[in-house]
Amino acid sequence: MKFSMNWNIVGLRENPFMVNPPADPKQAIWAGMDGLKDEFNSVFQEAKASAPTQVVLCPGSIGGGKTHASLFFSSDENIPETSPSVRDVEVLRVQTPTETRNPARDFYLDVMEQIRLERIGKAVQKNVESVGREMVEQNLRQTVVSGDFANALLKLFEASPISPGASSPLSAYFFRKCTTTELRKLGLNRNIEKTQDYFRILAGVFRCLIGLSDSTDVAEHNRFCLWIDEMENFIYFTPPQYRPFSQGLRELVDRLPYFFTLFMNFTLTSPEAYEEIELILGGYLTDRITRQIFFHEVRDQEKMLQYVRELLSHYRTQEEPKTPYFPFTEEALRALMSNLQRGTPRNMNKRCRNALIRAFEKEVFEDGKDLEITPEFVQEMSQEELDKEFG
């Protein structure tokens, strides 16, 4: 049966209830869950106003909003103001690799491809102009340990403009593997091959973006945040795969003691399954966690209503609705939010979305009549309809 979904009839620009996170961080809307938002605001206020590195663990249920949070706070306009403050805060989001024999290398390539060699070269140039080549070389060597790695990063500045093609020796060095002839041409002795190498190069790259001054004055640096999503994927890897990766993350944290923030999203199979985190991260990394932000399920119905109300408010057309819950009655929303298997944003969105789509199918809304979804309409919907999955 064909039906029309005219959102203007119900005073909305579009359906507010997305089941999956948006692709564009600027489309990520924060609704309800004030306490959770306050915790992240606190992390970013500390990140902007102080030098020490942060390691933030973000565990929670599936659909709890972890990916959404990483999207929301990767938009500059959503990061709180502080004084004093670093010059800039950058959030780079990356997913944990899947279906790979070498997760550390795939992770390294993903990060490097997002940042781009051209940008790294410009960052090195800016540091050379700011603090001098000698200090840049000295601090890079201290960070990456290897003289070859430090020289390779410096060559990104010296060889500017950089050819992004696979034929470029520098591109080959950072993204695949140089031949002996290519290494000789670059004046380097070794390739980037081991897990330790990948994370040391990343530490050097992040240090270039942070700033290579010896000072810990926040006004002289940027804050670089790496937000890793879906860390629980490592449950499906073998110990020889995930252990070097977690050790690499530890080394990354240790080599960047200032102006670096590592966020790790971790979906728990059950609220009590902390052993999964210990198993994957190991004690050497969990000991470095500076804060834990738990994505608790919403159990209080008033907070559920607040979430829906604020989400609807963002998508309103300019016309004022007769109630803040329109096109639902408050009682209908309470009925929708009852008996949720999990009190997560995804499950709340799913029920509201399914009720709206069903109402359009049944032609509940008639132009100009302000008809609403009622508790009786919700009661008529089956459990399958309420919790239907969408692709």
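So, to kick off: which ring does the charged end of arginine 250 sit over? That would be tyrosine 284, with the charged end 5.1 Å from the ring's centre. Before I go on, please keep in mind that this is a predicted model.

Okay, the sheet. We have five strands in an open sheet, and the order is S2-S3-S4-S1-S5, with parallel pairing. At the edges sit S2, residues 89-95, and S5, residues 291-292, and each of those pairs on one side only.

Let me take the S5 edge. S5 runs parallel to S1, residues 54-60, and two bridges join them. If you want to find the spot on screen, go to valine 56, whose bridge partner in S5 is arginine 291.

Now over to the other edge. S2 and S3 also pair in the parallel sense, here over seven bridges. Glutamine 95 is a handy marker, since it stands opposite aspartate 229 in S3. And how much of S2 is covered? Mostly covered is the answer, with five of its seven residues buried.

What lies across that part of the sheet? Helix H3, residues 103-115, lies across S2 and S3, the latter being 223-229, and H3 runs at about 140° to S2. Then there's helix H9, residues 195-210, which also packs on the sheet. H9 touches S2, S3 and S4, where S4 is 260-267, and its direction makes about 135° with that of S3.

Right, aromatics. The count comes to 22 aromatic pairs, and I'll show you two of them.

Start with phenylalanine 17 and phenylalanine 328, an edge-to-face pair at 6.3 Å centre to centre with 75° between the planes. The pair links distant parts of the chain, with the two positions 311 residues apart. Phenylalanine 17 is in the segment before helix H1, and phenylalanine 328 is in the loop between H13 and H14. Are these two buried or exposed? Phenylalanine 17 counts as buried because its relative accessibility is 1%, and phenylalanine 328 counts as buried because its value is 0%.

The second pair is phenylalanine 44 with phenylalanine 73, and this one is stacked: 5.2 Å centre to centre, 20° between the planes. Phenylalanine 44 belongs to helix H1, while phenylalanine 73 is in the loop between helix H2 and S2, 29 residues apart. Again on burial, phenylalanine 44 has 1% relative accessibility, so it counts as buried, and phenylalanine 73 has 0%, so it counts as buried too.

That stacked pair is part of something else. Phe44 and Phe73 belong to one aromatic cluster with Trp30, Phe40, Phe72, Trp227, Phe263 and Phe295.

Last stop, serine 70, which is found in helix H2. Its relative accessibility is 1%, so serine 70 counts as buried. What does serine 70 touch, leaving out residues up to four places away in sequence? Arg93, Trp227 and Asn265. You'll remember Trp227 from the aromatic cluster. A polar atom of the serine 70 side chain also lies 2.6 Å from the backbone oxygen of threonine 67. And for a sense of spacing, serine 70 and valine 43 are 27 residues apart in sequence and 13 Å apart in space, C-alpha to C-alpha.

That's my tour, so over to you.

How values were computed
Residues are numbered from 1 along each chain as its sequence is written. This is a predicted model: local features need pLDDT of at least 70, side-chain atom pairs count only at pLDDT 80 or more; totals for chains, interfaces and linings use all residues. Side-chain values use heavy atoms; hydrogens and water are left out. Two strands pair if DSSP finds at least two bridges between them. Helices (H or I, at least four residues) and strands (E, at least two) are DSSP runs, numbered from the N terminus. Contact means heavy atoms within 4.5 Å. Axes are lines fitted to C-alpha atoms, for helices over the stretch in contact, and angles run from 0 to 180 degrees between N-to-C directions. Rings of Phe, Tyr and Trp (its six-membered ring) pair if their centres lie within 6.5 Å; planes under 30 degrees apart count as stacked, over 60 as edge-to-face and the rest as tilted. Buried means under 20% relative accessible area, exposed over 50%, partly exposed in between (1.4 Å probe, protein chains only). A charge sits over a ring if NZ of Lys or CZ of Arg is within 6 Å of the ring centre and within 35 degrees of the ring normal. A polar contact is a pair of N or O atoms within 3.5 Å; within protein, one must be able to donate a hydrogen and the other to accept it, and residues adjacent in sequence count only if both atoms are side-chain atoms.
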